[in-house]
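Okay, thanks for having me, everyone. I'd like to walk you through a structure that's new to most of us, so let's put it up on the screen.

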Amino acid sequence: MFQKTLHFLLLILALLVLAACTAEEELPTAPTPEASASEATAAPAIAEPEANVTDSATEPLFGTPSSRSYTFSGDLEKVEPILLDLLILLNEPDRPGAREQLQLIGEEIVLPEEAGFDEDFWLEILFGLKADAPTPPQAEIQHWLKIDDLGLLAASLGLAPYAPCSENATRLDYDKVDVFTGKILVRASGKPPLQNQPLLALAAYPDVVSIQPSYRKELDLDISVPDTWAATPLGAVYTGINASSLRWWGLDGKNVIVGILDGGIDWDHEAFTLPGIPETSRLLAQWDQASNSFLNQGAFDRYLSIGVQCATGTRHATHVAGIATGDDSVARALNFSGEGVAPAASIVDVITAGGDRDILLGAAYIFMESKYRNQPAVVNISLGSHYGPHDGTGLDDIGLGRATGPGCLIVKSAGNDGNKPIHTDNDGNPIVAGGMGAIEFQVDPGTTLVDIRIWFDRASGFEVGLVPPILPGSAAVSILPVAKGKTEEVFWQVKNPLNLFESLIQAAVSNTKAHTASDSRMAQITLRAFMGELPPGIYRIDLSMPTGATGSGQYDAWIAKGKPKGNVKFVAPTYRRLISEPGNAARIITVGSFDARDYIVDGKPVCAVGQRSAFSSMGPARLNPSTGRAIPKPDISAPGCPVFAAEWSAFQNLTSNYIPLWGTSMAAPHTTGCLALGLQSNPAMTPENALALLQTLTRDVDAAFLGIPDFFWGAGKLDCGADKDKNLIPDLFQVKTIINAADGELLHTVDTAIDGAPGGVDVESFGATVTFTNPYSAAEGQWDYGLLFRHTTPDQFYSVRVESSGAWRFKIKREGVWETLQEGTLSNLRLNAGEQNAFQLIVNGKNGLFYMNGERIAELDTSALSGSGDIWVATNILNTSGINGKSTGYQDFSIWSFKTLP
């Protein structure tokens, strides 16, 4: 009976903990202030459906067809075309395929869960109208953009003095952020009254220049490993960037935050707990954007201590976090290494909903956590899309770029489209004024959605049309060239060759979007199959340049969305300008991939060691018409094929908790971890500093390398532990050299023999190396040598020394009395005459690391050390060792300060 009762109580406890993991706090109810809505003047033009099929596709979107007509007075050129689709649906809720159209729109942009098929929701969000409201301006605004929500977003876009990376940043209460109405990004050149406004009404303000939805980002993972795989450890994990060579410098990521903006980390994986303390998590916080729920380190520790796991995390995010921050102390015990680049870093995890706005808020959340904790942070984003202008001026580019600053860095994967035919341009054959051009794309069977974006400079003023393939038994349809500021669409029915059913197709050309940030325009071609599938075959996009136009006549086109993925391709692709958004931003570090080793799957080669990964997207960014400059991208390349790292617990098996995955998703966290090491020594590192550092930490690539900037490799292959000449140079991490490579001899006398450094060394933040030469063998007599630090306070010394007996000691001298703080025995000390021993000491904060001959001997408690003073190499430190007249040689005596360079 007792056992049954105990089991019952444990079950109840587990259920309570699981409930706590997934609990969602109720959001506060938004006030409902009154405001005026703009009077309607014009609605977007739409073509009448050419077919009226009689089946479920004609079911009204909102139930009973509405008799109301909704318009707005704002400039259509400020509004993303896909938002105008929502406006059309409000005007024609009983149009063919309306319900399916809303579902397909929801696959491209992040719609609030409350949206659904609720007409009242869209009225309130888009217009500020309630369902029973008469006409503007008497309508009340129910769902409005809260000041704390849009205030945060506007700040990251540079509209307000507050920014998450600023010195006066304060921690926001994210439980009170209204993520309900904020799925639209707004960029403005002035300070319009953004709060208390319906979304489309914002377009009426002259200072508002662009309104776009929150487009979905996809994982930059090239090939998902089948769930049935049993990963086999193939020796030590090859990171390929030599980060382990920096360990003895104390550069392991301690006191730095690595932010993971992804699908959620499997936080109870052994890689993310403190070494040797499996019940203590390295995750400081986790924000689940979908449920707007939060967990802190205390909650993780409680769950770990009772063995309860919350059902959070994904394979992708867990693997990414393992590369950047994984600790492999457990794996090493099993003769397998899965160590990440910065294994001592703290982690802030954001389970993102995946939209542009979600990523902006997630990055801001991580940076504000870092400011609140007074620790620098680097955020990893291994997600991307092709919806933006690709010139660094997209709203997400601008927002994320302005969220960075000293101690706030963002790393983005380049994307995995390097070998995919989803981009084309006419660089070599521009359209002339009064002339025409064409873009052809192929649609394969089974396709249900196509979204193509064509970007060009404003002065070219292209008119854009669409000609689908002609199919037997179906009426020919086309959309004639659509002029600037116009939208046209057409519906048609396509008979299946077997006459089993008909497909209902919508084709639309929108030439409405102006992008003032880069003086560009964008035309969107959309194909949606509401029943069946799109007709397979070759489609043609016609572009004509008006007579008298003065633009370049050049365009860039991307297939932003094809469903299923890969079923749409350009007939004449150009494999460039494929960096996924927001990786084209100047202040974001963008990372391509190279193959870390040979790898074969199912008899087919996947990776070839040393080569640029075939899937890695190449640059540069698109030319910005306003500046005449294309941002060079990617910035650098890192290992991405294959990489072994932590596996999500849902797929762990008896073989290993570590698996291989490949993609630029894996390359980015290598760079994220390397920059975490840089932030450890230089917490004020800026994005510009980081880029300069990475351009130095490179190794040679292939013979085709063009030099910086190279649109394939960036600056080259990342080598975090060495410069281009294969030298370990701590200066690269903003570590100031005080003495570099000094040599000499210490003559044994009755007094301590010393040779020292100038004053002003900060004892809380320095590194020192020296190689000693034994004066004679340990069998001939005693000797000792090491480092001696004299505090500026009189008669206060510290010493770390080794003795010919094999002992080592860390001592302090106060008021003339020596006291041993720590001591131990060395097993790797060389004792013969003339042999050398390499002595290394790192003090970074209140912890010191003592190395002998490259082996880590001990972690020293240096909390008693403070202030500044002088450092010497010394022998005969206690006047009890050494043969008078003999000499101890020393070489390469070097001292570094980990303080930031001025």
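Before I start, one term: when I say two residues touch, or are in contact, I mean they have heavy atoms within 4.5 Å. And keep in mind that what you're looking at is a predicted model.

So, the overview. The protein chain has 902 residues, and 58% of them count as buried. It's built with twelve helices and 44 strands. If you take the contacts with a separation of 6 or more, 76% of them are between residues 24 or more positions apart. As for the outside, the accessible surface comes to about 34100 Å², with 52% of that belonging to carbon and sulfur atoms.

How far does the predictor trust this? The mean pLDDT of the chain is 74, and 68% of the residues reach 70 or more. Among the elements, strand β13, residues 423–425, has the highest mean, 98, while helix α1, residues 2–22, has the lowest, 36. There are also stretches to be wary of. Over residues 129–162 the pLDDT stays under 50, although the model has 108 contacts there beyond four places in sequence. Residues 223–239 also stay under 50, with 41 such contacts.

Now let's go inside. In soluble globular proteins, nonpolar side chains tend to be buried together. Here, the largest nonpolar core has 53 residues, and the ones touching the most other members are F272, V378, L675, L677 and L718. Which helix gives the most to this core? That's α11, with eight residues.

Let's pick out L675. Leaving aside residues up to four places away in sequence, L675 touches V378, L409, V411, I589, M685, A690, L693 and L694. There's a second, separate core too, of 40 residues, and V509, L527, A529 and L578 are among them.

Back to α11 for a moment. Is this helix mostly covered or mostly open? Covered: 18 of its 18 residues are buried. Its length checks out as well. Helix α11 covers residues 664–681, and at 1.5 Å a residue those 18 residues should span 26 Å; the end C-alpha atoms are 27 Å apart, which agrees.

Last topic, charges. Side chains of opposite charge can pair when their charged atoms come close. How many salt bridges does a search of the whole structure find? The count is 26.

One of them joins K563 and E107, at 2.8 Å from N to O. K563 sits in strand β22 and E107 in helix α3, so this pair ties together parts that are 456 residues apart in sequence. K563 is partly exposed, at 30% relative accessibility, and E107 is partly exposed too, at 27%.

Another pairs D391 with R622, whose closest N and O atoms are 3.2 Å apart. D391 is in the loop between β11 and α10, and R622 is in the loop between β26 and β27, so here the linked parts are 231 residues apart in sequence. D391 is buried, at 3% relative accessibility, and R622 is buried at 3% as well.

Then there's E803 with R809, at 2.6 Å. E803 counts as buried, at 13%, whereas R809 is partly exposed, at 22%, because the cut-off for buried is under 20%.

And finally a network: D425, D427, D556, R576 and R577 are all linked by salt bridges. That's my tour, thanks for listening.

Methods. Residues are numbered from 1 along each chain as its sequence is written. This is a predicted model: local features need pLDDT of at least 70, side-chain atom pairs count only at pLDDT 80 or more; totals for chains, interfaces and linings use all residues. Side-chain values use heavy atoms; hydrogens and water are left out. A salt bridge is a side-chain nitrogen of Lys or Arg within 4 Å of a carboxyl oxygen of Asp or Glu. Helices (H or I, at least four residues) and strands (E, at least two) are DSSP runs, numbered from the N terminus. Buried means under 20% relative accessible area, exposed over 50%, partly exposed in between (1.4 Å probe, protein chains only). The expected span of a helix is 1.5 Å times one less than its number of residues. pLDDT is the predictor's confidence in each residue, from 0 to 100. A nonpolar core is a set of buried Ala, Val, Leu, Ile, Met, Phe, Trp, Tyr and Cys residues joined through side-chain atoms within 4.5 Å. Accessible areas come from the Shrake-Rupley method with a 1.4 Å probe; for residues, only the protein chains shown count as cover.
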